[in-house]
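Me: I am new to this structure and would like to understand the spaces enclosed within it. Please explain the reasoning behind each term as we proceed.

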Amino acid sequence: MQQNICYPCLKPQAQHFFNDAQQAIAATLDFRQHLYAIAQNKKLRSEAVEDQSYPNEVIVLRPKQTQAPALLLLGGMGPLAGLGAFEVACQMFQNSREIVLFQACSLPNRTTAIQQKTQIGASQEPDLVIMLAIAIREAMQYICSSVEAVELIVLCNGAHYFLPEVMQQLLLNYSKIFFRLRWISLIDITIQHLQQRNFCQPLILCTTATRLGCVYSRPLQKVGIVYLEPNDELQSILMQSIYQGVKTSDYNFACKVGEHFFVELLKLHPTVDCIIAGCSEIPYLLEWLKTHSSKQVKRFLSKLEIIDPVTLTLKSRLKSLQHLRTVSH
């Protein structure tokens, strides 16, 4: 495993520490403005804005006293979604646990890696797997909790395609870290939710990486849930709204393209019973469209349950911790 080449680019350029959840939540506004400024500067120079355009950063909530295992959020894919997950986690758990967000923005593009593997046989997968393992190792250095277990949530849905091999890399090379981690899967939690709610025709909205990797479609097939996906043309439009809209903090572009996407989608799939937001940027797009789109699109989105795997997973962890506290008392 050649670590020397990849490891330096995963060092965080900035570190932010808070000992109170409300302070951390308040600071997220400044962090968002920082991301927006980076995107605007790139655009002014006519440069493409990608995840890799943003710096690796670490944001840590480290309360003085905690009652729950530390929570490690691996973000940066993209950074706005990572920041949003950190804010939601702080709101839910408050000062009950240490929360570390590691924004690993320099990780290679997941869509490109999976496309190369599935379409032409070559792949960046080995490099991406190695870098994901190194990112987790780097992030673990910021965990100070005395509780041995650390819950890990990888916030990028597409990255879940690589997690079995990442686990293997950690087991082989960083076994102490591997055995300390509790892997929390966005995919597993989402499938369980669909089964509990008896949804039978979800619409999967995700990146091309998640789609080609069958990150959601394969587990859904295994449990017998029939799902819908956009056709190739609509998938291309959706990717524009994600990569050129949400990831670049371009609200107007995201809404314009997103509106077009749903108008065309409704011609093909007028009836679905829920939406799986299988990309961490999708919830932002959908929330924007609920207030900035046609009546037809607003009506369609308002009547459906939109399943955000990240928020759903954080809620499931909160319920589990509350249950454990109830049992222990």
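Me: How do the residues that line the largest cavity divide into nonpolar, polar and charged?

Reply: In this predicted model, the lining of the largest cavity comprises five nonpolar, seven polar and three charged residues. Among the residues closest to the centre of that cavity are Met77, Arg110 and Thr207. Met counts as nonpolar and Arg as charged, and Thr, which is named in neither group, therefore counts as polar.

Me: What makes this space a cavity rather than a pocket?

Reply: A 1.4 Å probe fits there but cannot get out, whereas a pocket is open; the space is therefore called a cavity. The largest cavity holds about 100 Å³ of space, and 15 residues line it, with Cys156 and Cys279 also among the closest to its centre.

Me: Which helices each supply at least two residues of that lining?

Reply: They are α4 (110-120) and α9 (208-212).

Me: How many cavities of 30 Å³ or more does the search find?

Reply: The search covers the whole structure and finds three. The second largest has about 70 Å³ of space.

Me: Why is Glu57 said to line the second largest cavity?

Reply: A lining residue has an atom within 4 Å of a cavity point, and Glu57 is listed in this lining, so it meets that condition. Phe31, His34 and Gln103 are also included. The lining as a whole divides into eight nonpolar, two polar and one charged.

Me: Which element gives the largest share of the lining of the second largest cavity?

Reply: That element is α2, with three residues.

Methods. Residues numbered from 1 in each chain as written. Predicted model: local features only at pLDDT ≥ 70, side-chain atom pairs only at ≥ 80, totals over all residues. Heavy atoms only, no water. 1 Å grid on protein atoms, 1.4 Å probe; cavity = no way out; pocket = protein on both sides within 12 Å on 5 of 7 lines; lining within 4 Å. Points joined across faces, edges and corners; volume = space filled by probe spheres on them. Helix = DSSP H or I, 4+ residues; strand = E, 2+ residues; numbered from the N terminus.
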